[in-house]
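Colleague: I should like a close look at the interior of this model, and at how the rest of the chain is arranged around that part.

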Amino acid sequence: MFEKNKRPDFCIFFRMFLDEIKKSLKIENMEFASPVVTVFGKVGAAIEGHKGLLYFSDEEIRFKVKSRILSVSGKNLSLVETSKRDAVISGIVEKVDYV
């Protein structure tokens with residue numbers, strides 16, 4: 001698995017990918033109407049557009065998104081990176097759902 005306090009390569013790749021899209025489309029602040037969830041196989045996920053972290057354990061992470069709650073469940077989940085509206089999760093992602 002990933003070493004603690006080290007960003008996995010897919011996180012770096014994902015940030016670079018988003019930066020290139022923003023630059024190509026000349027978008028200063030990429031805001032989405034709905035949250036965007038990108039799952040990287042079973043090794044992690046990226047959440048864009050959340051309104052805050054509600055719950056965190058190694059088996060489930062919940063985010064506030066608009067008037068709903070987005071749940072990411074799996075095994076050995078950890079928050080690799082988080083900001084006011086974006087988060088990167090590592091671990092075995094088994095399910096992403098609204099609860």
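What percentage of the 99 residues of the chain count as buried? Please then describe the largest nonpolar core and its setting.

Modeller: The model is a predicted one. Of the 99 residues of the chain, 36% count as buried. The chain contains 1 helix and 6 strands, and from the N terminus on these elements follow the order α-β-β-β-β-β-β.

The largest nonpolar core comprises 11 residues: A45, I47, I61, F63, V65, L70, V72, L77, A87, I89 and V93. Two or more residues of this core are supplied by each of the strands β2 (44-48), β4 (60-65), β5 (68-82) and β6 (86-98).

A45 may serve as a point of entry into this core. Leaving aside neighbours within four places in sequence, A45 is in contact with T38, V39 and F40, and also with A87, V88, I89 and V93. Of these partners, A87, I89 and V93 are themselves listed in the core. Across the chain, residues 24 or more positions apart account for 46% of the contacts with a separation of 6 or more.

V39, a contact of A45, also leads to the surface, where V37, V39 and V96 form a nonpolar patch with about 180 Å² of accessible area together. Within this patch, V37 belongs to strand β1 (residues 36-40) and is partly exposed, its relative accessible area being 30%. For the chain, the accessible surface comes to about 6500 Å², and 53% of that surface belongs to carbon and sulfur atoms.

Notes: Residues are numbered from 1 along each chain as its sequence is written. This is a predicted model: local features need pLDDT of at least 70, side-chain atom pairs count only at pLDDT 80 or more; totals for chains, interfaces and linings use all residues. Side-chain values use heavy atoms; hydrogens and water are left out. Patches are made of residues with over 30% relative accessible area and no salt bridge: like charges are joined within 9 Å, nonpolar side chains (Val, Leu, Ile, Met, Phe, Trp, Tyr) within 5 Å. Accessible areas come from the Shrake-Rupley method with a 1.4 Å probe; for residues, only the protein chains shown count as cover. A salt bridge is a side-chain nitrogen of Lys or Arg within 4 Å of a carboxyl oxygen of Asp or Glu. Helices (H or I, at least four residues) and strands (E, at least two) are DSSP runs, numbered from the N terminus. Buried means under 20% relative accessible area, exposed over 50%, partly exposed in between (1.4 Å probe, protein chains only). Contact means heavy atoms within 4.5 Å. A nonpolar core is a set of buried Ala, Val, Leu, Ile, Met, Phe, Trp, Tyr and Cys residues joined through side-chain atoms within 4.5 Å.
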